[in-house]
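The exercises below are to be worked with the sequence and the three-dimensional model side by side. Each one sets a task and then follows a solution step by step.

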Amino acid sequence: MKYYLFFLLLGISHFMWAQETYYSFQDDIYSEVRFREKLKTIETLYGKQGNYKYTTASYKVRSTQVRQDSIIQFVEVVLSQSNTAPLDINTGVQRFINKPLPDFKLQNLKNHLKTNTDYTGKVTLLNLWFTSCPPCITEIPYLNYLKDTYQDQVNFVAITFDSKDKVDRFLTRKSFEFEHLVDATVYLHKELNNNAFPKLILIDKKGDVRFVENGVILSGNTPSQPEAAVSVLREQLDFLLKE
């Protein structure tokens, strides 16, 4: 009996060690080596399009699927950009969860000064983005879908360090139906300590940060239907609207 148990445990151990880890990202499956290469490619591509010294592509595991001979990790890729040093994607806005969003005074595209108190009393979806950020641009149709779905039930606000003129020019080429607050360099980098874009922040009716997400589109198995792409955000929005 002892010998049987020994060989059984040995077999299980061999089975576990034989499993290889793969990464599922945007409908493709990558080995460990190929996925690291993919991250480097993303860093190079987006680094050339930005004005930052450092561009780092990190990832978060959204779910895991265990098979007989492999482990599949479904991942989301997030960009961090900085002029000082590479940043961890879990710093910055994440530290404000269950705390008030830091105060701001920013202008919208109509040159009206807006503060965070202008949005209290209603759930707010805040998008941090900039006009030359490829993943930010990719997710805009999904954000517009959310805006069309919830209408006036939710404040939809986008904050960028870009100038008013730059955003105005961008909007002539591509519809982005959020209210836009511009010239927010100091607020984004000093107050929020955020250098990872895009960033989505859900704020409750009291003005507290309740949920932070690193975009809706750079995720494993990118869905073709907007309902699926924004399912997590809709779940969070519905929860906050009921409070």
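**Exercise 1. Decide whether Asn144 is buried or exposed, and explain which value settles the matter.**

Solution. Asn144 counts as buried because its relative accessibility is 10%, where buried means under 20% relative accessible area, exposed over 50%, and partly exposed in between, with a 1.4 Å probe and protein chains only. Before going further, note that this is a predicted model, in which local features need pLDDT of at least 70 and side-chain atom pairs count only at pLDDT 80 or more, while totals for chains, interfaces and linings use all residues. Residues are numbered from 1 along each chain as its sequence is written, and side-chain values use heavy atoms, with hydrogens and water left out.

The next step is to place the residue: Asn144 belongs to helix H4, helices (H or I, at least four residues) and strands (E, at least two) being DSSP runs numbered from the N terminus. The buried residues of H4 are Ile140, Tyr142, Leu143, Asn144, Leu146 and Tyr150. Finally, if neighbours within four places in sequence are set aside, Asn144 is in contact with Ser175, Phe176 and Glu177, contact meaning heavy atoms within 4.5 Å.

**Exercise 2. Describe what H4 lies across and how H4 meets helix H8.**

Solution. Begin with the strands: H4 (residues 140-150) lies across E7, E8 and strand E11 (199-203), and runs at about 155 degrees to E8. Axes here are lines fitted to C-alpha atoms, for helices over the stretch in contact, and angles run from 0 to 180 degrees between N-to-C directions.

Turn next to H8 (residues 231-242), whose axis comes within 12 Å of that of H4 and crosses it at roughly 30 degrees. The contact is formed by Tyr145, Leu146, Thr149 and Tyr150 from H4, together with Leu233, Arg234, Leu237, Asp238 and Leu241 from H8. Just after H4, Gln151 adopts a positive phi of about 50 degrees.

**Exercise 3. Work out the strand order of the open sheet of 7 strands, and how its strands pair.**

Solution. The order is E6-E5-E9-E8-E7-E11-E12, with mixed pairing; two strands pair if DSSP finds at least two bridges between them. The edges are strand E6 (113-115) and strand E12 (209-213), each of which pairs on one side only. On average, neighbouring strands of this sheet are turned by 30 degrees against each other, direction ignored.

Now take the pairs in turn. Strand E5 (residues 105-108) and strand E9 (residues 179-182) are antiparallel over 2 bridges, and Asn108 has Leu181 in E9 as its bridge partner. E8 and E9 are parallel over 3 bridges, with Val157 partnered by Glu179 in E9. E7 is joined to strand E8 (residues 154-159) by 6 bridges in the parallel sense, and to E11 by 5 bridges in the antiparallel sense. Asn127 shows both sides of E7, since its bridge partner in E8 is Ala158, whereas in E11 Asn127 stands opposite Leu200.

**Exercise 4. Explain why E7 can be called largely enclosed by the rest of the structure.**

Solution. The count comes first: 6 of the 6 residues of E7 are buried, so this strand is largely enclosed. Next, inspect the faces, both of which are covered, with Val123, Leu125 and Asn127 buried on one side and Thr124, Leu126 and Leu128 buried on the other.

Leu125, in strand E7 (residues 123-128), has a relative accessible area of 0%. Not counting residues up to four places away in sequence, Leu125 touches residues that include Leu146, Val154, Phe178 and Leu202. Leu125 and Phe211 are 86 residues apart in sequence but 9.6 Å apart in space, C-alpha to C-alpha.

Last comes Leu128, which stands opposite Ile159 in E8. Of the 48 residues in the largest nonpolar core, Leu128 and Ile159 touch the most other members, a nonpolar core being a set of buried Ala, Val, Leu, Ile, Met, Phe, Trp, Tyr and Cys residues joined through side-chain atoms within 4.5 Å. A second, separate core of 11 residues has Tyr23, Tyr46, Val75 and Leu79 among its members.
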